[in-house]
Amino acid sequence: MDRNSFHTLVLLTKEVGGLTDSKYMSSSEKLAMFLNILAHHEKNRSIKVDYIRSGWSVSQAFNECLKVILKLAPLLLVNPKPVLEDELDDRWRWFKGCLGALDGTYIQIRVPSKDKPRYRTRKGEIATNVLGVCDKNLNFTYVLPGWEGSAADSRVLRNAITQTNGNYYLCDGGYTNGNGFLSPYRGYRYWLSDWQGENPPPQCREELFNMKHARARNAIERTFGLLKGHWGILRSPSWYSVKIHNRIISACCLIHNFIRREMEVDPLEIDVEEQVEYQQDNIDVVESSQEWTTWRDELAQSMWNAYLNN
């Protein structure tokens, strides 16, 4: 985050979030400490030395800033807008009405021994699963940290994401192809690496659809890549409670959107086209739909016809 963006964020947290100067610490210093902890996963003892503050003051400032950033969610979460008929971006022009892409990513955490079975991934890591939804400009439109597939969380997902009003999201093959969710064809090449190097071009309409789908849906992988690139606290386990850690994840996503809105150039936005994360735990709370499958077939055929005519 550059200096101008930082000062803009300070004003936003004060005027909207209610961040206040204390007797011995300004709002700017509180926010600077908070961002330092998020970006570099600095420990309390390091921050208190760097800023010549007590550990208690550092902790108080961190918790205050965390609450303030979360209050900014209505301003910083982007309202999803469907891809229009005149879309020029080649990645998205076939997906009229699409609201963006969704996927999950694992973020390692520390939990009590009794809770470890709930948070253990198939790779044996202890992590929380974060559902993220982004638009084509890599802004988060929805974030659900800490879901483990419980019935309650499934209802949250269904209620929050499936109210698409005829629009839809792109998701990978681990998700059901149903109303509001457009997934690729299973049993055909899909991942971006399948189309690179000496691999042959698409051989049928299903492969062509999967290739175009993968290129557009990769937006969520790039978004997660930028998120973890900015915030070191998401790259290794911390000692915060699961509840606080989930709030930290949400705050990082909100500041990610702020950076994309305020900075013309994000120095971390390098070529991440090949960055792919594999969703280990499938989301199956959306019922499949024959109507949706038929529409996918028609879209794939339109792509194939255009491909053959070029």
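**Exercise 1.** Which side chain meets that of Lys14 in a salt bridge?

*Solution.* The model is predicted.
- Step 1: find the partner. The side chain of Asp21 meets that of Lys14, at 4.0 Å from N to O.
- Step 2: check the cut-off. A salt bridge needs the nitrogen within 4 Å of the carboxyl oxygen.
- Step 3: check exposure. Lys14 has 36% relative accessibility, so Lys14 counts as partly exposed. Asp21 is at 46%, so Asp21 also counts as partly exposed.

**Exercise 2.** Find the salt-bridge partner of Glu207 and say where each residue lies.

*Solution.*
- Step 1: the partner is Arg189, with the closest N and O atoms 2.7 Å apart.
- Step 2: place the two residues. Glu207 is in helix H8 (residues 205–230), while Arg189 is in the loop between strand S5 (181–182) and H8. They are 18 residues apart, and the pair links distant parts of the chain.
- Step 3: check burial. Glu207 and Arg189 are both buried.

**Exercise 3.** Trace the salt-bridge network that includes Arg217.

*Solution.*
- Step 1: start with the pair in the helix. Arg217 forms a salt bridge with Glu221, and their closest N and O atoms are 3.1 Å apart.
- Step 2: look at the spacing. Both residues lie in helix H8, four residues apart, about one turn. In an α-helix, residues three or four places apart point the same way, because there are 3.6 residues a turn.
- Step 3: extend the network. Shared partners join Asp103, Arg217 and Glu221 into one network.
- Step 4: place Asp103. Asp103 stands opposite Gly132 in strand S2.
- Step 5: put the network in context. The total count is 13 salt bridges.

**Exercise 4.** Describe strand S2 and its pairing with S1.

*Solution.*
- Step 1: count the bridges. Eight join S1 (residues 98–108) to S2 (residues 127–134). The two strands run antiparallel.
- Step 2: sort the side chains. Ala127, Asn129, Leu131 and Val133 point one way; Thr128, Val130, Gly132 and Cys134 point the other way. In a regular strand the side chains alternate between the two faces of the sheet.
- Step 3: check cover. Eight of the eight residues in S2 are buried.

**Exercise 5.** Decide whether Cys98 and Cys171 are free or in disulfides.

*Solution.*
- Step 1: search the whole structure. There are zero disulfides.
- Step 2: check Cys98. The nearest cysteine sulfur, that of Cys134, is 9.3 Å away. The cut-off is 2.5 Å.
- Step 3: check Cys171. The nearest cysteine sulfur, that of Cys98, is 9.6 Å away.
- Step 4: check burial. Cys98 is at 1% relative accessibility, so Cys98 counts as buried. Cys171 is at 0%, so Cys171 counts as buried too.

Key: Residues are numbered from 1 along each chain as its sequence is written. This is a predicted model: local features need pLDDT of at least 70, side-chain atom pairs count only at pLDDT 80 or more; totals for chains, interfaces and linings use all residues. Side-chain values use heavy atoms; hydrogens and water are left out. Buried means under 20% relative accessible area, exposed over 50%, partly exposed in between (1.4 Å probe, protein chains only). Two strands pair if DSSP finds at least two bridges between them.
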